[in-house]
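Here is a walk through one protein model, from its overall make-up down to a few backbone oddities. Have a look at the fold, then read on.

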Amino acid sequence: AKTGILCYKTARFLPLPHCQTLGLKMPELPEVQATVDYLRERVEGETIVRGHVSWARSVLPRDATDFTRSIEGLKITSVFRRGKYVGMRLSGAKQFYLFTHLRMSGSLDVIPTDFSIAPHDRVCLELDSGKSIRFNDIRKFGRMVLCESPDDVVGHLGEVHLPVDLGSLRGKAPNPHELAIWTRAVDEHGRLVTDHRAEFLL
């Protein structure tokens, strides 16, 4: 039996942990990471065969026609997190990156392409496997940004260097003063880094 919820926004069944990202609030980093993990298992290695944008302002910096034309035929080589952005590395004749910020009410769902488009599905990316990625956003605050360099979108986040050794925290309470300053960090791929009693996020 599958575990999940029936999403009231899209009338679709969504498995855990992805359904945990659907609250009408700004997603926290564990929720963004849950979305990345959800997508990584389902769409890495897939090729986008067709794109459809129903709300033009959901995509940047290109218009909807240019966005769909540019993204068709690109292969999703990796899914990763950078800050609160869900990132996809896309390869083809040129390499692109697709960054999605869910904002207040956005979600990224992977469903069969023949499922009807829900009222708040702003962007649909059809894959060669018969599945599609649906960007559902009831409040229209979320954005998808297609770019050639990650620096165009997440370059301002910079690099984070930890002043403490994560291994030194194992088995004992961390220094509260250090954690007050360094409560957020990522590894080189932007994935969640945890060590027992300390959790470091960007």
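Is R103 buried, exposed or partly exposed? R103 is partly exposed, with a relative accessible area of 33%. We'll come back to that residue further down.

## The big picture

Keep in mind that this is a predicted model. The protein chain has 202 residues, and 46% of them count as buried. DSSP runs give four helices and 13 strands.

The accessible surface of the protein chain comes to about 10,300 Å², with 52% of that belonging to carbon and sulfur atoms. As for contacts, take the ones between residues at least 6 apart in sequence: 58% of these join residues at least 24 apart.

## A four-stranded open sheet

Four strands line up in the order β3-β9-β10-β8 to make an open sheet, and their pairing is antiparallel. β3 (48-53) and β8 sit at the edges, each pairing on one side only. From one strand to the next, the twist averages 15 degrees.

Zoom in on the β3 side and you'll find five bridges joining β3 to β9 (residues 121-127), with the two strands antiparallel. I48 has L127 in β9 as its bridge partner. Two helices lie across strands of this sheet: α1 crosses β8, β9 and β10, at about 20 degrees to β8, while α2 lies across β3 and β9 and runs at about 170 degrees to β3.

## Strand β11, boxed in

How many of the five residues of β11 are buried? Five of the five are, so this strand (residues 143-147) is largely enclosed by the rest of the structure. The side chains split two ways: R143, V145 and C147 point one way, M144 and L146 point the other way, and all are buried. Note that an arginine is in that buried set, namely R143.

β11 has pairing partners too. β4 (residues 59-60) runs parallel to β11 and is joined to it by two bridges, with V59 standing opposite M144. β7 (residues 96-101) runs antiparallel to β11, with five bridges between the two; here F99 has V145 as its bridge partner.

## Two nonpolar cores

In soluble globular proteins, nonpolar side chains tend to be buried together. Here the largest nonpolar core has 29 residues, and the ones touching the most other members are L39, F67, I76, L90, L98 and I133. Helix α1 (residues 29-43) supplies the largest share of this core, five residues.

L98 is a good place to start exploring. Leaving out residues up to four places away in sequence, L98 touches F67, I71, V86, G87, M88, L90, L125, M144, V145 and L146. Three of the names in that list, M144, V145 and L146, belong to the buried strand β11. There is also a second, separate core of eight residues, including Y85, F99, C147 and V154.

## Cysteines without a bridge

A disulfide is a covalent bond between the sulfur atoms of two cysteines. How many disulfides does a search of the whole structure find? The count is zero.

Two cysteines are worth a look anyway. C124 is buried, at a relative accessible area of 4%. C147 is buried as well, with a value of 5%, and it is among the members of the second core.

## Backbone oddities

Most residues other than glycine have a negative phi, and most peptide bonds are trans. A few spots here go the other way. The peptide bond from L60 to P61 is cis, with omega near -10 degrees. P61 is in the loop between β4 and α2 (64-71).

Now back to R103. This residue isn't a glycine, yet it has a positive phi of about 55 degrees. R103 is placed in the loop between β7 and β8 (106-112). K140 also has a positive phi without being a glycine, this time about 65 degrees, and K140 is found in the loop between β10 (131-137) and β11. Why does K140 count as partly exposed? Its relative accessible area is 29%, and partly exposed covers values between the 20% limit for buried and the 50% limit for exposed.

How values were computed: Residues numbered from 1 in each chain as written. Predicted model: local features only at pLDDT ≥ 70, side-chain atom pairs only at ≥ 80, totals over all residues. Heavy atoms only, no water. Buried < 20%, exposed > 50% of the residue type's maximum accessible area, 1.4 Å probe, protein only. Pairing = 2+ DSSP bridges. Disulfide = S-S within 2.5 Å. Core = buried A, V, L, I, M, F, W, Y, C linked by side-chain atoms within 4.5 Å. Contact = heavy atoms within 4.5 Å. Areas by Shrake-Rupley, 256 points an atom, 1.4 Å probe, with all protein chains shown as cover. Axes fitted to C-alpha atoms, helices over the stretch in contact; angles between N-to-C directions.
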